[in-house]
Amino acid sequence: MAVATLRDEAVGLLQELLRVNTVNPPGNETIAAELLRDYLEGSGVSCELFAREPERANLVARIPGRGEGPSLLLLSHTDTVVADPDEWTVDPWSGELEDGCVWGRGALDMKGHVAAAATAIATLAREGFEPAGDLVFAATADEEVGVDVGLSWLCRAHPETISTDYCVNEGGGERVGLGGRNVYLCTTAEKVSAPFRLKVHGRSGHASMPAIADNALVRAARLIERAAELVQPPRLIPEIEALLARLGEVPQPSELGQVVAGLPPDVRQMVEPMLGFAISPTIISASERTNVIPGLCEVVCDCRLLPGDTPADVEPALRAALGDDSYDLEWIEAVGGTRSPLVTPLWDAIESFVVESDPGADVVPVVAPGFTDSHFLREAFGTVAYGFFPMRTMDPELAARLIHSADERIAVEDLELGVRFLRHVAATLGR
Ligand SMILES: [Zn+2]
């Protein structure tokens with residue numbers, strides 16, 4: 001298939017996807033699922049819709065494998081966050097093609113990737129591609145909010161349709177200059193989201209006479225500072241060891257702090273959040289009245305742990321930092337923190353694409369500070385899931401600003417690169 005045709009096909013499909021409003025809530029992803037089903041069935045790809053709620057269907061399409069090799073899932077989601085047309089220079093649901101970009105809510109997160117993956121599997125099907133293992137395309141609902149009608153539900157209700165050996169999902173693929181080289185970031189793991197609540201105790205009283213009370217809010221202020229300033233000694237996890245190895249050399253654990261301090265600023269900025277946990281106090285509540293000194297103050301802190309760590313692993317350091325004060329510490333939940341191995345055929349397929357399409361560039365593993373739907377697959381099936389959608393035309397800082405923001409758009413060049421990448425991975429693993 002000629003390259004220009006791939007590009008036109010992906011652009012046209014993306015424009016159609018952007019013109020259907022799938023802002024979540026309410027989502028209404030069924031319209032996107034049906035649009036994709038019509039397109040894929042027109043290319044001979046068999047499709048099924050699975051819906052826990054009729055308006056919120058998930059689409060799963062498949063080219064059955066020969067039963068001789070690993071299965072691969074191209075995963076994406078069709079819902080988007082909201083858009084305020086007043087902030088946009090174009091209609092967010094116009095799918096306008098302008099300045100070499102396709103504009104609209106979800107162009108980057110992630111209808112562009114949806115369109116690229118659908119184009120990849122449709123064109124492979126039309127070429128008569130018979131993969132070694134099943135090639136699966138899933139466009140799921142409800143990634144942005146998470147009320148259990150999307151991939152989490154699909155993994156429980158229809159595991160056989162969605163369980164594969166490998167998966168390519170969102171959450172990586174940007175090309176950045178790092179230590180003087182061009183590298184593509186491939187997300188292979190994510191941090192654990194483990195927020196906690198501090199209930200700080202004092203004694204209430206009338207605010208006109210502070211001396212008779214013990215102000216829990218004032219006590220909390222001290223604890224907030226200690227929590228926010230807590231820094232763990234840096235720890236070298238496998239993902240960062242591999243990243244540093246590709247950029248230069250791997251430091252000895254005892255020299256890690258020193259080596260990180262000496263890294264070029266851009267590399268250090270990228271590496272530092274992946275060396276330990278991060279705590280951000282975000283919510284506080286105390287007295288509801290001006291004249292009442294609070295006897296109780298509650299503080300909620302966002303907390304991100306390294307993959308594989310649990311709250312119990314960091315609690316001693318946290319308590320030591322908070323010191324002897326009158327508080328209760330409650331962990332609210334712990335979500336994510338999964339990782340996939342780094343030495344896999346999927347990694348090789350990504351690397352070979354990067355080397356062929358961008359000579360001199362390299363690919364490095366990174367740990368996402370937040371998480372994507374990949375963690376459901378890793379937890380349910382042990383799927384090797386990476387976040388990778390190559391992007392080299394749009395500046396990664398601009399892309400990061402546009403996601404969930406006004407004037408979201410994807411460069412047509414990057415959309416086409418994504419189609420070629422997904423076709424390459426499918427063809428390489430499915431050989
Ligand atoms: Zn997304």
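This is a working chat about the structure above.

Biologist: Hi! What kind of model is this, and how are residues numbered?

Modeller: This is a predicted model, where local features need pLDDT of at least 70, side-chain atom pairs count only at pLDDT 80 or more, and totals for chains, interfaces and linings use all residues. Residues are numbered from 1 along each chain as its sequence is written, and side-chain values use heavy atoms, with hydrogens and water left out.

Biologist: Thanks. How many helices and strands does the protein have?

Modeller: There are 14 helices and 20 strands. Both are DSSP runs numbered from the N terminus: helices are H or I with at least four residues, strands are E with at least two.

Biologist: And the radius of gyration?

Modeller: The radius of gyration is 24 Å, close to the 22 Å that the globule rule gives for 431 residues, so the protein is as compact as a globular protein of that length. That radius is taken over C-alpha atoms, and the rule is 2.2 Å times the number of residues to the power 0.38. Along the principal axes, the C-alpha atoms fill a box of roughly 80 × 50 × 45 Å.

Biologist: What share of the residues is buried?

Modeller: Buried residues make up 53% of the 431. Buried means under 20% relative accessible area, exposed over 50%, and partly exposed in between, with a 1.4 Å probe and protein chains only. The protein exposes about 18,000 Å², and carbon and sulfur atoms supply 51% of that area. Those areas come from the Shrake-Rupley method with a 1.4 Å probe; for residues, only the protein chains shown count as cover.

Biologist: What about contacts between residues at least 6 apart in sequence?

Modeller: Of those, 79% join residues at least 24 apart. A contact means heavy atoms within 4.5 Å.

Biologist: Now the metal. What coordinates the zinc ion?

Modeller: The donors are His77 through NE2, Asp109 through an OD atom and Glu170 through two OE entries, at 1.9 to 2.7 Å. Donors are N, O and S atoms within 2.8 Å of the metal (3.2 Å for Na, K and Ca), and water is not among the atoms, so sites may look incomplete.

Biologist: Why is the arrangement called irregular?

Modeller: The four donor atoms subtend angles of 52 to 150° around the zinc ion, which makes the arrangement irregular. Four donors count as tetrahedral if all angles lie between 85 and 135 degrees; four count as square planar and six as octahedral if opposite donors are over 155 degrees apart and all others between 65 and 115; anything else is irregular.

Biologist: How are the donor residues spaced in sequence?

Modeller: The spacing is H-x31-D-x60-E. His77 lies in strand β3 (residues 72-77) and Glu170 in the loop between β7 (166-169) and β8 (175-178), so this pair ties together parts that are 93 residues apart in sequence. Both His77 and Glu170 are buried.

Biologist: And Asp109? What is its peptide bond to Met110 like?

Modeller: That bond is cis, with omega near -15°. Met110 sits in helix α3 (residues 107-126), where 19 of the 20 residues are buried. Just after α3, Gly128 has a positive phi of about 85°.

Biologist: Where does Pro25 come in?

Modeller: Pro25 is joined to Asn24 by a cis peptide bond, with omega about -5°. Pro25 is in the loop between α1 (3-19) and α2 (30-41). Asn28 is also placed between α1 and α2; its phi is near 50°, positive in a residue other than glycine. Asn28 is partly exposed at 32% relative accessibility.

Biologist: Asp142 has a positive phi too. Is it buried or exposed?

Modeller: Asp142 is buried, at 4% relative accessible area. Its phi is about 60°, and this residue lies in the loop between β6 (135-140) and α4 (151-157).

Biologist: Switching to Asp325, what does it touch?

Modeller: Leaving out residues up to four places away in sequence, Asp325 touches Arg219, Arg222, Leu223 and Arg226. Asp325 is in the loop between α10 (311-322) and β16 (327-331), and at 18% relative accessibility it counts as buried.

Biologist: Last one: how far apart are Cys47 and Cys167?

Modeller: They are 18 Å apart in space, C-alpha to C-alpha, and 120 residues apart in sequence. Cys47 is in strand β1 (residues 46-50) and counts as buried at 14% relative accessibility.
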